[in-house]
Amino acid sequence: MSLEDLKSKLRRHPKLVGLGGVGLLTAAGFLLYESPQVRRFLSQYVDKKSPEPDKRRAEYIYIKYHIYRESMRKMKQKEEDEKKWISVIINPIGKWWKAAKHSVAWRLLNIAQTGSQPERLKAVQQLICMDHLKDWDFRHLAQICDARTAVSLARCNADTRWFMPVHRRGCIKNPKMLLSELHVMLARLRPMSCVDHFFSKYFPEQDPIEDIHEYLTQEQTIVLSTADTDLLKEIISFLHHITKDPDASARLMRDGGLVHLMELRKIFSDDNETLSTLCKVLANMSLVPDAVEHFFSSGWVGALAEWQQCPDLRLQVISAKTMANLDHDDPNQCTYPPNVYPLHPRVRTRRKPKADIVFVHGLLGGVFITWRQRDRKPTELGLYGKNAFYTSETDDVFLVGEQKRVNGSKQKKEQGKPLVSAQTTEASKNGNAIPKTEAIKDPVLRASKKVEEQRLNISDAATMEFVETLRNEAELDSDWEVVHPDVPLNANEECVGKFSVCGSEWRNQDTCEEYTNCWPMEWLPDDYPDSRILGIDYTSAVTEWSANFTKYCPCEKGQGHIDVRASTLLDRISASDVGNDRPIVWIGHSMGGLLTKLILLKSLDSQEPKVQQLAKNTKGIVFLGTPHRGSPIAKWKQHMQMILSPSIEVKEMEENSPKLLEMHRRFMGCLHTFLRHVKVVSVAEGSPTMLTTFKFPLRIVTEESSKIDFGDFYLLKDDHLSLSKPIYRQSFLYQRLLHVIREAVKERPDPKDQDGQSQVAPNQDVVLMNIVAILLKGAKGLFESLPRVALRFST
């Protein structure tokens, strides 16, 4: 239709034009009247969070005039001061001094990276002593630092500013995406029986994730339900199990496993117990040959350096073990495989240790449970307690589930709660997103704090000197003799222990507030700083129901046998270079004493020189409540096996067990032959242990079972649990242990003469055998000539 035809039609129908105009005006008026409703309707389809850049309003900072005038006046005054002759002389010197101090740090770092090993060690020591650098200096140096130098600085307890901050420090990866990536990473390890078993029982296939943010900041919501939290903890425990295989650790490291572990550290930043298990995973992975670069690039060197200086003893020890495995530039470098933890030293040392002191805990014990200081209250034994080392949720216990301190038990009750906010409990039940996680802090195993004496504010010098003399004076005179508070009730005739201390040397600690969660770690280094102190840790159970160390892999079921466990510990202890040209002192509590005996027997039977040196250099053994002939507690399986289902460990420690008796017979034979030079101290319990559940006393190891016919024997008035817990430093138990270590270190041969002695010893044996052979030959000839002599006299 043309335009002319349209105009002709409109002229024919003039009313249509009027109605159209009225309709348009009515529609326009309606839209103007209903504009708020229309705006709200359209706002549903418009993203308000993304305004156009050109419409953003610029913000300005307006400075008041008097502030501007004052700043300009100071600037002019500074320019005038710089023109003075004093400033002309001093300013260049100050600038030169600052530049010199900075250039020294850069030069030392260059030497630490490119110099020879002695030069690198000296340069690292000098870098640690620098305290004049600014934050930007540390950040610049951290960017220049390489992996080997960073590990060396961390091993020497350097300032944490020497290390680059963690990648995406303020962001946390979405847990749903992290679970999916962990599933993919573990699936690459197939076919492995452990992974297949874990996937079928604990870690099913994850649903595909769409339209979620990869990283969440602290202001954003974090989706972390109770099921996700429990699953992540199970994954960490499974990683601790599977990384004991070096091949699996290497494959996980190549697949970016350290990056995923860093995200797990961010999620459980306030859960020290989970972090301890996570750190044990890192310790296993640190044994991979090329692990240093992976740890450095993923930011774990700085994180481990922070853990080395944190107040929790568990993180201190495990992080120090990890850094020791990574430090290949240390002249005294030792690797620590699983189950072996260095309690002292935890940093680099210039001298080699003079002795190795090895602590082996008992059934369901632990480094920070068995070897803690005794509580002032009497110790009770829980029928179902927690396992000893780091894991409170994994292993129930029946026999030696030792009671933790009162201030930590209340917090443990709340530890099972999910890491979610209390305001969104209902939202989590409905499957909605959960806001920010609110982690419940785990109790910290802190180091003992030494109580410092208050300084006296006395102006008069004479009075000040008199008061200090009274303060430093001993409480008792040398004429007094103080008996140890835990003096033995009985002892054998061959004992040589001291049961008292001179009054001038006595220090009353009854009112002392110091308490240590690991006295071998905090007391022994003060008395023997040149010794290396190791804690042996292993997982055990008393009931089959609580044997959770076998739940991740069916092949672990046979690990409970004492023979298998001793073989595993023997390989790992020998790999830690224990007894290399230095004496060894073993301290075993309960089942730990049995493991010590079996380890020494196996080392004597071995053909490897590195394993044989464990028995060859053993100079002292301390048995604390060791059931050499079994324990009567194992008989309970006859009456309660349907309820408790005793584990393999309990069954093997049955009283008068043929296996234990045969092992004890072999060990006694070695004590009278190969180990006759070893100082042996046996300590027995004199009081029954109280069961908190049924409130009745129980004698775990009898006096007859813990006594051997060799060395010193003492019967203390303490119960089974208190035998490994001295009440303070001047207790008989601790002082007797110091005496054993002192005798072992005193008899240490010089390295120069050791080769000569090893060559002289066989020659002496040969000479002795020749003398015996000559005597026997002479006696034989004498007996043969007697009939001839008698016949001659008769004729």
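In this predicted model, the contacts of Ala105, when its neighbours within four places in sequence are left aside, are made with Leu127, Met130, Leu133 and Leu141. Ala105 is found in helix 5, which comprises residues 85-114, and it is buried, since its relative accessible area of 0% falls under the 20% that marks a buried residue. One of these contacts can be described further: Ala105 and Met130 are separated by 25 residues in sequence, and their C-alpha atoms are 7.9 Å apart in space.

A second pair of residues was examined in the same terms. Asn580 lies in the loop that runs between helix 24 (562-575) and strand 13 (584-589), and its relative accessible area of 28% places it in the partly exposed class, because that class covers values between 20% and 50%. Asn580 and Leu614 are 34 residues apart in sequence, while the distance between them in space, from C-alpha to C-alpha, is 8.3 Å.

Turning to the packing of helices, helix 9 (residues 175-187) and helix 13 (residues 257-267) pack at an angle of about 145°, and their axes are 11 Å apart. The crossing in which helix 9 passes helix 13 is left-handed. On the side of helix 9 the contact is made by Pro175, Leu178, Glu181, Leu182 and Met185, and on the side of helix 13 by Gly257, His260, Glu263, Leu264 and Ile267. When these residues are sorted by class, the contact has six nonpolar, two polar and two charged residues. In general, an α-helix has 3.6 residues a turn, so residues three or four places apart point the same way.

Helix 13 is mostly covered, with ten of its eleven residues buried; among them are Gly257, His260, Glu263, Leu264 and Ile267, as well as Arg265 and Lys266. Helix 11 (residues 226-242) has 17 residues, which at 1.5 Å a residue should span 24 Å, and this agrees with the 24 Å that separates its end C-alpha atoms. Of the 17 residues of helix 11, 13 are buried, so this helix is largely enclosed by the rest of the structure.

For the protein chain as a whole, there are 32 helices and 18 strands, and 45% of the 795 residues are buried. Among contacts with a separation of 6 or more, 77% join residues that are 24 or more positions apart. The protein chain exposes about 44000 Å², of which 55% is supplied by carbon and sulfur atoms.

How values were computed: Residues are numbered from 1 along each chain as its sequence is written. This is a predicted model: local features need pLDDT of at least 70, side-chain atom pairs count only at pLDDT 80 or more; totals for chains, interfaces and linings use all residues. Side-chain values use heavy atoms; hydrogens and water are left out. Axes are lines fitted to C-alpha atoms, for helices over the stretch in contact, and angles run from 0 to 180 degrees between N-to-C directions. Helices (H or I, at least four residues) and strands (E, at least two) are DSSP runs, numbered from the N terminus. A crossing is left-handed if the near helix is turned anticlockwise from the far one by less than a right angle, and right-handed if clockwise. Contact means heavy atoms within 4.5 Å. Ala, Val, Leu, Ile, Met, Phe, Trp, Tyr, Cys and Pro count as nonpolar, Asp, Glu, Lys and Arg as charged, and the others, Gly among them, as polar. Buried means under 20% relative accessible area, exposed over 50%, partly exposed in between (1.4 Å probe, protein chains only). Accessible areas come from the Shrake-Rupley method with a 1.4 Å probe; for residues, only the protein chains shown count as cover. The expected span of a helix is 1.5 Å times one less than its number of residues.
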